Amino acid sequence: MVENYERLIEKISKAANLSVEDIERKVEAKKAKLSGLISKEGAAQIVAAELGINLDKERMKISEIVNGMRKANVIGKVIEIFPVRSYNKNGRDGKVANLRIADESGNIRVVLWDTNHIGLIERNEININDVVEISNAGVRNGELHLSGFSDIKKSNEIMSGEIVREKIFLTKKLSDARVGDSLKIRAVIVQVFEPRYFEVCPECRKRVIDGECKIHGKVSGMKRALLNLVLDDGSGTIRCVAFGEVINKIGISEEEIFSLEKFEERKKNLLGEEMIFFGNIKSNSLYGTNEFNVENVEEINAESLIKEMEK
Ligand SMILES: [Zn+2]
């Protein structure tokens, strides 16, 4: 999901046999006509449609995928498969499966909602390292979502090139961040909330409720902590959530997180601390706000400071 606007424009320019400047002018005009209500990417898609170019049918690189697309076609190698989850929403039971695919430009999470597609995972018909072809996928939150109108199948194509396995974090200001972005931000801790605790199953690490794991039955759960913080990067603030070793990386020891007395002491020194945070912007439906799910934390070292000042 990196600077894909330029690539989109290039694609349209090639297909329409017009210069990049011409296409950009058309996009600007379209945006102005719509009173700036849509993004540059959205305007570019309308311009493409008006020029009779069908971007929908075209296969794209993972890095070219943008939020809001409804018929994305992509091919990638499966690098991660998550366990199929069951859920109950508004009294209806359902299942959802998640996997991650990669190509040489990036990687993206794929969410399967259709029982036929989920069956492919459950029957081990799609496995790690398989190359899969996805068509007509919707894009939201920086993820590919597959409904019954979408398709996923094993492909015979061979991907021999180097694929991007690491998650790509964008360096962006919080004020520019959107749901689905994987971000790297340099920010100050401005608020720290009291930790909350829960238990997980020692076998599968899933949540234990009333001493029971859904899969393993009665277990003696392992205590885990959840920490909420507020970060400020100078452009805005965001509520964050951190778990497990990420909490330790913020500078809170296991002892401190599980003892409220020690935690209160440690908390005083954390306020005002500046660090580099890596994570994802999610929408929190409960609060109707965006939330930053912290995946990693790095200290600001002299080296990175110098690099930044040189920019
Ligand atoms: Zn379990």
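Is lysine 11 buried, exposed or partly exposed? Hi everyone, let me start there. Keep in mind that we are looking at a predicted model. Lysine 11 turns out to be partly exposed, because 19 other C-beta atoms lie within 10 Å, while a residue needs 20 or more of them to count as buried. As for its place in the fold, lysine 11 belongs to helix 1, which covers residues 4–16.

Now let's step back to the whole chain. The domain assignment splits the protein into domain 1 (1–55), domain 2 (58–165) and domain 3 (170–310). Between the C-alpha centres of domain 1 and domain 3 there are 38 Å. We can also put a ruler on a single pair: lysine 11 and glycine 279 are 268 residues apart along the chain, and their C-alpha atoms are separated by 30 Å.

That brings me to the strands. Strand 16 takes in residues 274–284, and strand 10 takes in residues 182–192. The two run antiparallel and are joined by seven bridges. If you want a landmark there, look for valine 188, which sits opposite glutamate 274 of strand 16.

Strand 16 also pairs with strand 17, residues 289–299, again in the antiparallel sense, this time over 10 bridges. Here lysine 282 has glutamate 291 in strand 17 as its bridge partner.

One last thing for those of you who like backbone torsions. What sign does phi take at glycine 288, in the hairpin of strand 16 and strand 17? It is positive, near 65 degrees, and this hairpin has four residues between the strands. Thanks for listening, everyone!

Notes: Residues numbered from 1 in each chain as written. Predicted model: local features only at pLDDT ≥ 70, side-chain atom pairs only at ≥ 80, totals over all residues. Domains from an automatic or database assignment. Buried ≥ 20, exposed ≤ 12 C-beta atoms within 10 Å, placed from the backbone. Pairing = 2+ DSSP bridges.
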